[in-house]
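Please open the model in a viewer and keep the selection panel at hand. The tour proceeds by selections, each followed by a short account of what is found there.

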Amino acid sequence: MATYVAVAHMNEVTQFVIGGIIKHQMEDYKFLFKVVLVGNAGVGKTCLVRRFTQGLFPPGQGATIGVDFMIKTVEIDNEKIKLQIWDTAGQERFRSITQSYYRSAHALILVYDISCQPTFDCLPDWLREIEEYASSKVLRVLVGNKIDREDREIPTHVGEEFAQRHSMYYLETSAKEAENVEKLFMEIAAELMEKVFQPGRSEGSREWKILCKKFLDIQ
Ligand SMILES: Nc1nc2c(ncn2[C@@H]2O[C@H](COP(=O)(O)OP(=O)(O)OP(=O)(O)O)[C@@H](O)[C@H]2O)c(=O)[nH]1
Ligand SMILES: [Mg+2]
């Protein structure tokens with residue numbers, strides 16, 4: 001475990017381009033985790049990410065083209081964890097691009113809209129994609145978004161049962177009202193940290209560790 005921490009601990013120089021001037025900022029963090037959001041177009045993936053990273057609900061948020069990328073550093077048990085969040089486009093035409101982002105994900109957030117039955121009906125298709133392209137040890141989280149809406153079509157227990165059947169974590173959120181959004185990402189960060197430090201590793205968790213290490217190595 002000590003070796004792993006040494007690998008994971010890094011000093012990074014991040015470059016920011018502000019008005020044409022490149023600024024370097026030293027950043028210190030112990031772990032870097034990659035979180036990928038997937039799900040049908042319009043379920044609110046981008047709004048969830050922007051709520052978490054920028055604390056806002058963007059008016060007139062347009063459809064994502066390909067993949068967007070955001071970073072937020074959080075602190076858990078006095079350890080700095082950098083979350084690299086990849087927000088993929090839900091539209092079918094971008095599917096081949098977004099699939100390539102699954103492989104190195106530590107956590108996948110599969111989002112549907114609780115007021116839109118077709119977005120729930122598509123979940124098995126998304127799971128097939130995840131099975132095919134993601135690591136078998138990826139942390140999978142099911143999210144029912146838009147709970148502020150009054151025209152709910154999928155009851156909470158239906159979402160919960162689906163998640164349970166497919167060994168996923170489950171949470172309902174509202175990007176609009178900032179409900180459970182912080183909790184969603186913080187719990188993922190905490191859970192990933194726990195996986196890294198899990199005592200008595202099985203075959204599975206060794207694979208997980210390799211996945212993390214590989215990812216950290218290529219950064
Ligand atoms: N009421 C409500 N509307 C939301 C919520 N989250 C997102 N929306 C709305 O849903 C629409 C789609 O949101 P996006 O975040 O762009 O959806 P997306 O999943 O990123 O869509 P793609 O990028 O096309 O895959 C926008 O009009 C948002 O304002 C929410 O929590 N509540
Ligand atoms: Mg989007």
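Begin by selecting strands S4 (residues 67-76) and S5, which pair in the antiparallel sense over 10 bridges. The model is a predicted one. Within this pair, Glu-75 stands opposite Lys-80 of S5. Next, select the turn: S4 and S5 form a hairpin with 2 residues between them, and Asp-77 in that turn has a positive phi of about 50°.

Keep S5 (residues 79-88) selected and display its surroundings. Is this strand mostly covered or mostly exposed? S5 is mostly covered, with 7 of its 10 residues buried.

Now add strand S3 (residues 31-38), which runs parallel to S5 and is joined to S5 by 7 bridges. A pair to label here is Leu-37 and Asp-87, the latter in S5, which stand opposite each other. Then extend the selection to strand S6 (residues 107-113): S3 and S6 also pair in the parallel sense, over 4 bridges. Label Val-38 and Leu-110, since Leu-110 of S6 is the bridge partner of Val-38.

With these strands in view, select the whole sheet. In which order do its strands lie? The sheet is open and has 6 strands, in the order S4-S5-S3-S6-S7-S8, with mixed pairing. Its edges are S4 and strand S8 (169-172), each of which pairs on one side only. From one strand to the next, the twist averages 25°.

At the S8 end, select helix H6 (residues 156-165). Helix H6 lies across strand S7 (139-145) and S8, and runs at about 160° to S8.

Turn next to a pair of helices, H2 (residues 45-54) and H7 (residues 181-197). Their axes are 9 Å apart and the packing angle is about 80°, which means that H2 is roughly perpendicular to H7. To see the contact, display Leu-48, Arg-51 and Phe-52 of H2 together with Val-181, Glu-182 and Phe-185 of H7. By class, this contact has 4 nonpolar, no polar and 2 charged residues.

Finally, leave H2 selected and show ligand 1. Helix H2 gives the most to the shell around ligand 1, with 3 residues. Which residues come nearest to the ligand? Of the 20 residues around ligand 1, they are Gly-44, Thr-46, Ala-63, Thr-64 and Gly-90. Colouring the shell by class shows 6 nonpolar, 9 polar and 5 charged residues.

Conventions
Residues numbered from 1 in each chain as written. Chains lettered and ligands numbered in written order. Predicted model: local features only at pLDDT ≥ 70, side-chain atom pairs only at ≥ 80, totals over all residues. Near = placed C-beta within 6 Å. Nonpolar A, V, L, I, M, F, W, Y, C, P; charged D, E, K, R; others polar. Axes fitted to C-alpha atoms, helices over the stretch in contact; angles between N-to-C directions. Parallel < 35°, antiparallel > 145°, perpendicular 65-115°, else oblique. Contact = placed C-beta atoms within 7 Å. Buried ≥ 20, exposed ≤ 12 C-beta atoms within 10 Å, placed from the backbone. Pairing = 2+ DSSP bridges.
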